[in-house]
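Work through the exercises below with the model open. Try each task before reading its solution.

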Amino acid sequence: MRVRRRLAAVVAAGALFAMAGSAAHADTDPDAAKFSATTTIGTHNAYEKDKYTYWAQALDSGASLLELDVYADSISKRWRVSHSNPWGNDNNCEHADTPGELYSQNRNQDLGSCLDNMAAWEQLHPDHAPVVVKVELKVGFNNNVGLGPDEFDTLVSQKLGSSVYKPADLLGSSYSTLDAAAKADAWPTRDQLKGKFIFELIPGTVEQANPFDHYWTDQEYGDHLRDLSAAGKISEAQAFPAVLGAAAGDPRASRYDASIRPWFVFFDGDAATYVDNAYDTSFYSANHYVLIMTDAAGVSPAISSTGPTDAEVAARLALLAADHASIITSDWSTKSAAVLGEVAGRS
């Protein structure tokens, strides 16, 4: 069945830039669909200068997910944005906090400046489509030096304010956990999410490789959400922690204490692992969870991870929408906004 579906997606590539996936969404305006009912495209490590000269250009790209790698620098007590340098910034974020300063200022700034750029860019595009900002905390939080979940929330809130779609927004006044809200499909429509950024947090590669670190970003922020909720302060939380890594079944069951499992509704893993192992990904769409499939180019039949044709991207979008992905990501930064901004119907 999986092979047939892949072949069908490839054959139908030319017709797949419109809403794809289940028949229920085929003739639906994508803006009218709920966030949980669509599949979109994101860009891996969009902060890197070889992908976009400026972070504002990444925002211009039309991609529905942009990724930042962030280090909690325990010496300077700053949030550094870099792929491999924990002590310095190496990125396309500018020292710019007004629209007129964008696309021209010094780059290699910290996370605060990246958020400033987003706030300035939003003034130019107040009705932009929702953008998921995936933050990989490379070495995790460091609460001991004032770079913990509270400080992350404070920074995001100060810089972006009401432009952030927060866990409390999904909960509303009806649900006590994110899991309950997701299962009830309390997500807003894409139209209702215009002008919003949604922050996803994942544990970092350095953190995961550290044999002395047993308290990763996902668990720490899950605890943070639970504790804020218990204290009546859930409105302070700015991000959704993600369960990282493709797995069969419900990966929360074996990873987290029962008290924080209901605070995970984002899942993030390698697309080929989900598809090639025939994992039952309908679990995610049935519960209206957000499923981010990374390295979408690597799913068979593999396509270029940097320069695929428009038809290949359309086919890949349809293929993984049929496999219940919410967002697919790759390094397709050279594609136009017309391609990266496509919305398909999620099966």
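## Exercises on two pockets and a helix

The model is predicted.

**Exercise 1.** Find which residues lie nearest the centre of the second largest pocket.

*Solution.* Start with the lining, which has 14 residues. Nearest the centre lie Leu59, Gly62, Ala63, Ala129 and Gly341. Next, sort the lining by class: eight residues are nonpolar, four polar and two charged. Finish with the volume, about 190 Å³.

**Exercise 2.** Describe the largest pocket and its lining.

*Solution.* First, the space: the largest pocket holds about 300 Å³. Second, the centre: among the 20 lining residues, His44, Glu67, Lys134, Glu136 and Thr294 are the closest to it. Third, the elements: β2, β4, β5, α7 (205-209) and β9 (327-330) each give two or more residues to this lining. Last, the classes: three lining residues are nonpolar, nine polar and eight charged.

**Exercise 3.** Decide how far helix α3 reaches and how much of α3 is covered.

*Solution.* Take the length first. Helix α3 spans residues 111-124, 14 in number. From first C-alpha to last, α3 reaches 20 Å, close to the 20 Å expected at 1.5 Å a residue.

Now test for burial, which means under 20% relative accessible area. By that cut-off, 11 of the 14 residues of α3 are buried. Among them are Leu111, Cys114, Met118 and Trp121.

Then look for the partners. The buried residues of α3 pack against α2 (55-60), β2 (65-73), β3 (78-81), β4 (131-137), α4 (149-160) and β5 (197-203).

Finally, check the start of α3. There a side-chain oxygen of Asp110 comes within 3.2 Å of the backbone nitrogen of Gly112.

Notes:
Residues are numbered from 1 along each chain as its sequence is written. This is a predicted model: local features need pLDDT of at least 70, side-chain atom pairs count only at pLDDT 80 or more; totals for chains, interfaces and linings use all residues. Side-chain values use heavy atoms; hydrogens and water are left out. Helices (H or I, at least four residues) and strands (E, at least two) are DSSP runs, numbered from the N terminus. The expected span of a helix is 1.5 Å times one less than its number of residues. Buried means under 20% relative accessible area, exposed over 50%, partly exposed in between (1.4 Å probe, protein chains only). Contact means heavy atoms within 4.5 Å. A polar contact is a pair of N or O atoms within 3.5 Å; within protein, one must be able to donate a hydrogen and the other to accept it, and residues adjacent in sequence count only if both atoms are side-chain atoms. On a 1 Å grid over the protein atoms alone, a cavity is a set of points where a 1.4 Å probe fits but cannot get out, and a pocket is an open set with protein on both sides within 12 Å along at least five of seven lines; lining residues have an atom within 4 Å of a point. Grid points are joined across faces, edges and corners, and a volume is the space filled by probe spheres set on the points. Ala, Val, Leu, Ile, Met, Phe, Trp, Tyr, Cys and Pro count as nonpolar, Asp, Glu, Lys and Arg as charged, and the others, Gly among them, as polar.
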